[in-house]
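User: I am new to this structure and would like a close look at a single part of it. Could you walk me through one sheet and what lies around it?

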There are 2 protein chains.
Amino acid sequence: MPKAIVRLRDIAEKTGFSTNTVSLALRESPRIPLETRAIIRSAAQELGYVPNYVAKSLVSRETRTIGLVLTDILNPTLTHTAQAVEIALAERGYGTLFATSNNTLAEEIKVVEMFRSRQVDGILIYPARHHDLEHLRPLRRANYPLVLLIADPDAGIDGVSVNDRSGGFQATRYLIGLGHRRIGFLDASHPNGNDEKLEGYQEALRQSGIPFDPDLVVATNGHYARHGYFGLDTLMGGPKRPTAVFSDNDSLALGALHWCHKHKVRIPQDLAIMGYDNIAFTEFGEPPLSTVNYDVDAVSRMAVDRLMRLIGAGDQLPEPRITLIDPELIIREST
Amino acid sequence: MPKAIVRLRDIAEKTGFSTNTVSLALRESPRIPLETRAIIRSAAQELGYVPNYVAKSLVSRETRTIGLVLTDILNPTLTHTAQAVEIALAERGYGTLFATSNNTLAEEIKVVEMFRSRQVDGILIYPARHHDLEHLRPLRRANYPLVLLIADPDAGIDGVSVNDRSGGFQATRYLIGLGHRRIGFLDASHPNGNDEKLEGYQEALRQSGIPFDPDLVVATNGHYARHGYFGLDTLMGGPKRPTAVFSDNDSLALGALHWCHKHKVRIPQDLAIMGYDNIAFTEFGEPPLSTVNYDVDAVSRMAVDRLMRLIGAGDQLPEPRITLIDPELIIREST
DNA sequence: GCAACCAATGAAAACAATTTCCGACAGTTT
DNA sequence: AAACTGTCGGAAATTGTTTTCATTGGTTGC
């Protein structure tokens, strides 16, 4: 028995009705009298009928499935996004086809193509490179429902995101307000051209008349805790030690925290540390980490809402709209 | 233009060949001369043809998609599993349809049904309740490829997992070896009937002649850090303070760590803490956490391998096989 | 010079559902 | 009794692909 497939026809043969009648009955069409429906329903139950979505999709031209492309699900914020998106979609009766781009453009292109050929009704994507969107624009032009989990006003594609430039600005301004002048920046995103936080950081320095010192910015070459550990190590090993560090994300900051413990650097007296994202563990760091709140649930919800609107629009998509959520600072004990 | 669909027929009309020839040509059939193939290929390219998997699936009776059911992707070990599974499947040309059961049996049943109706070629599932598998057994009997990410020898269904009983046993025995007699247990899993670690814990106590004290086991009612924090609080608030705590998972242990910092309890002198899973942040705890290594990559890889074998077997599935990986202790500074 | 063969292509039938249209029959109206 | 109306159900077309089987027209072999 090869994966027992029960078709409408099987129910039809069993009950003596036509497949057509069975189809209508199972969808509770008022055209079929209640009694007939009951007979058919119980026969379906008995045979263990499960509707075949792929056949249904072929005729209805919709799969009720959307594709979610993330760079890397190990990043806690993206994990959280995946969960929130999946739940929001499930509530609306959509399935989630999921894939990672591993932070490379080439894989991202392949994944999008794979999703298209699987006929997903729309795509939600956190692109690897925030400014390399050329492979997505033709899709948008072809009226393909597509929402970015970043917000580039020039993209010409819908996007929902936290305003990272504002986040970087606020965090830096706050550190400056605390009296810090030498503020390090642990940067995991620049190599991918995702510079919003760095720009906010520079803007805050500029407003306070503090010259930007490129030596205070270190590329961590990754966004896990260990990268933060080594990033801080090079920063603190240099001649111009900072008195505060702003970190591209919380994992990095947690790694930095660990470096301080190892080297008997007191937090926040000797070094203030500011994270980004407000992942669950920040609250339980030692000390609890100050950070910038990335409201994953709001972003996910709004992105899904927007995608649903695009799917509903059909032939002619509305003008792309960018939604930016202004983040809030969460001040704990590391600053 | 509603989501510009280019069909084989469109290529056929453009080139003057039949759809059939186009189909063959695009799949590089040797029956079509190279020259014809080149013409067809370039026409397909020009029109931006993307094969329609849903139509293909209808005839081939395979979707090259598998369903992954997890209880909750916020659990770092499951996150890691999702990532590892997705990568392993992508390597084999399979897509990953993903859903969470939110730790409830009812949602799990719905998700499995949804996957079935979407005709996934197989299902990988971390069930909400390790002993409530009745909804899965009929699938296995119907030769549906199915692999559990737990290992229940009595399940009658293939499974791959870390041996949690052994993990619980080893961790407890190690703590006993350190001289501890009063060992607390932070339990997030019992309410779902997932008792393997607790059983290992009890077995270790028994072997050392230490009577089991139910007051030392606290249900945390959740598996995030905050649950560990409050769990430890009740444990330490009681009359019989333990000298060591074994925790159902690392998030819980990190929360417990935080409680100790808050209450000036020294680790490991006053209280030894042992986690479970070896998630990324354990290494960067303060102090770094001793834990039990859950080899996610090995489990995921083996589970996918097994699933592929089942899918390949077709009509008659081989006997179910349970694969247990014996975990290793990772000793750091919290014990 | 004709059967046999072969290479290149096409026609049509699947696949499992939905949709459109049409027919049978019963009951009601003229 | 003819014409109309409405209910119930079925036949057939459709969706985009793959697969099986046919059909060309041109060569080859004897």
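Analyst: Here is a walk through one sheet in chain A, followed by a short look at the surface near a DNA strand.

Please keep in mind that this is a predicted model. The sheet to look for is an open one in chain A, built from four strands in the order E7-E6-E8-E9, and their pairing is parallel. Start at its borders: strand E7 (217-219) and strand E9 (272-274) of chain A stand at the edges. Each of these two has a single partner strand, so one side of each is left without a neighbour in the sheet. Going from one strand to the next, the twist averages 20 degrees.

Now move inward. Strand E6 (residues 183-187) of chain A runs parallel to strand E8 (residues 244-247) of chain A, and four bridges join them. To find this pairing on your screen, pick A:Phe185, whose bridge partner in E8(A) is A:Phe246. In general, strands of a sheet pair through backbone hydrogen bonds, either parallel or antiparallel.

A helix accompanies these strands too. Helix H10 (residues 225-237) of chain A lies across E6, E7 and E8 of chain A, and H10 runs at about 145 degrees to E6(A).

For some context beyond the sheet, turn to DNA strand C, which 25 residues surround. Among the closest are A:Arg7, A:Asn52 and B:Ser18. The largest share of the surface near DNA strand C, five residues, is supplied by H4(A). By class, that surface has 12 nonpolar, nine polar and four charged residues.

Note on methods: Residues numbered from 1 in each chain as written. Chains lettered and ligands numbered in written order. Predicted model: local features only at pLDDT ≥ 70, side-chain atom pairs only at ≥ 80, totals over all residues. Near = placed C-beta within 6 Å. Nonpolar A, V, L, I, M, F, W, Y, C, P; charged D, E, K, R; others polar. Pairing = 2+ DSSP bridges. Axes fitted to C-alpha atoms, helices over the stretch in contact; angles between N-to-C directions. Contact = placed C-beta atoms within 7 Å.
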